[in-house]
Amino acid sequence: MAVVTRFAPSPTGYLHIGGARTALFNWLYARHHQGRFLLRIEDTDRARSSADAVAAILDGLTWLSLDWDGEAVSQASRAPRHAEVARQLLADGNAYLCYASSDELAEMRALAKAEGRPMRYDGRWRDCTDAPPPGVQPVVRFRAPRSGETKIADHVQGEVVVKNEMLDDMVLLRADGTPTYMLAVVVDDHDMGVTHVVRGDDHLTNAFRQYQLYQAMGWPVPEFAHIPLIHGPDGAKLSKRHGALAVQAYRDMGFLPEAVNNYLLRLGWGHGDEEIISQKDAIAWFDLDAIGRAAARFDLTKLTSLNAHYLREADDARLTDLVLARLAADANARLADTARDRIMRGMSGLKQRARTLVDLTANAMFYAVEAPVALAPKAMEALNETAKSHLAALRPLLEAVEPWRADALETAVRAHAAEAPGGDVPLRAIAQPLRAALTGATASPPVFEVMEILGRAETLKRIDDVTTEDAPQH
RNA sequence: GACCCCAUCGUCUAGAGGCCUAGGACACCACCCUUUCAAGGUGGGAACACGGGUUCGAACCCCGUUGGGGUCGCCA
């Protein structure tokens, strides 16, 4: 049978990093088996759902290139079908009407708490033949088995058993006739042909009640895989207030989607000693049974390291576009006409020195702007009097170098350093001031490469800017 | 509190009774390379939570303890 998985977020907020991992695992499993990966928006709680949240979720999945098959299903739109199933359950005696008021429920809750046991509906309407109280809209409750036990063979958690007496009669249809999550998720997963339910292990206890519902309807029960939640760096649960950022936040921080995917994949899943895993390999290797049972902590440093790797591998033109877009958003950047061309040509040298797109953009700034460049404090320090005299002595030589290429420039400057009056000067005594003058920083791509890309005129202008008395200071 | 789940370096993990004096990655330290910074190379410190079993033999199996986590809604 073809594998069908689904990702079923509720649109009450953005797609956070934990949800993204759940989506990734579902996607990977489906693609591994050449099955289908479906998307269902669980919006049965109308009050808390929003179109913005749906848009943010779709945007997040798209950015991670987790494409879903077919149209995203709105769970709310399927309410009539949910009600239909509830009616069938009622007709079959697997459900009943419950007229208990919220006050009565609150009493049960209070009593349960006082007695130190979990809140469970006491089933007072389960077999009640009394006349219903006037004016009360009933809810539909599931008639859950009261004895025996329910067993789930979970792909991650293994075999988990719970005594049926621990489970109460859950609400299927609310007083207003709308379905609850428990009913909707089972009906939809069944109707959509979902074969494997992969979700956070906060749903593990729900799985038992859902299992019973499948049984009551006589439907085949899907395979389950409840994956551990992601924790924050301090081991506490990752919450929106505690590091569970929207995937878009990682995009803004300058991470590449492939790095986020690789990182998320390695969080709770491993394949031998493999660390850098391409999407192709991930699809080939992914397996639910290899998912770890313990919760993992989110480590931004490791994500950053992975990102640096993917940045180095990324296509220059793609990175140039990304950097330019960030530069364009920076109101302070005075972009030169040649910015794109220079950044594109300098990208291979730039990208291997950056860990995020934020770094990359900052480091590309000296290529993007027109002279004079802003000097960082350390660059200013490097440009002391000795350094300036070296630059001044170098200037006429640079004016004459042919061709204006990195290799020729390096040969010329090295020769000049070796022939310097008063013994040879170490190359760095000249290269560092040059770097400071040309890039405004003390670290950059190879300085001769920088010179070639900037061109003779721009190079000389930048040298003049720092060797002239009224050089602009920033 | 009840029920359920989990437990290998700081972090992510490999490990499915002997291959483990526990491997890899990130981070950290040192050295090499080097025009800077990265990258790369080499080396280093760093873990089987604890206590009982079972076994010729346990990181791997069992029990308990401790410590984490999850769930207990007419939310999803």
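Trainee: What sort of oxygen in RNA strand B lies 2.5 Å from a polar side-chain atom of Arg414?

Mentor: A phosphate oxygen. We'd call that a polar contact, meaning a pair of N or O atoms within 3.5 Å. Before you read on: this is a predicted model, where local features need pLDDT of at least 70 and side-chain atom pairs count only at pLDDT 80 or more, while totals for chains, interfaces and linings use all residues. Residues are numbered from 1 along each chain as written, chains are lettered from A and ligands numbered from 1 in written order, and side-chain values use heavy atoms, leaving out hydrogens and water.

Trainee: Which parts of RNA strand B do Asp45 and Ala100 sit by?

Mentor: Asp45 has a polar side-chain atom 2.9 Å from a sugar or linking oxygen of the strand. With Ala100, a backbone N or O atom lies 3.4 Å from a base nitrogen. Taking the RNA atoms within 4 Å of the protein, 70% belong to sugar or phosphate and the rest to bases.

Trainee: How many residues are around RNA strand B, and which come nearest?

Mentor: A residue is near the strand if one of its heavy atoms lies within 4 Å of it. Here that gives 63 residues, and Met119, Arg174, Gly268, Arg353 and Arg435 come nearest. By class, there are 24 nonpolar, 17 polar (Gly goes in this class) and 22 charged (Asp, Glu, Lys and Arg).

Trainee: Which helix gives the most to that surface?

Mentor: Helices are DSSP runs of H or I with at least four residues, strands are E runs of at least two, and both are numbered from the N terminus. H17 gives the most, with 5 residues. H17 spans 427–439, and helix H18 (447–454) also supplies at least two.

Trainee: How do the axes of H17 and H18 cross?

Mentor: An axis is a line fitted to C-alpha atoms, with angles from 0 to 180 degrees between N-to-C directions. These two come within 10 Å and cross at roughly 40°, which makes H17 oblique to H18 (not under 35, over 145, or 65 to 115 degrees). In the contact (heavy atoms within 4.5 Å), H17 uses residues including Leu427 and Arg435, and H18 uses Phe448 and Met451 among them. The classes there are 9 nonpolar, 1 polar and 1 charged.

Trainee: Where do I find cis peptide bonds?

Mentor: Look at omega. One cis bond joins Ala371 and Pro372, at about 5°, and Pro372 is in the loop between H13 and H14. Another runs from Glu402 to Pro403, with omega near -15°.

Notes. Polar contact = N/O pair within 3.5 Å; in protein donor to acceptor, adjacent residues only side chain to side chain.
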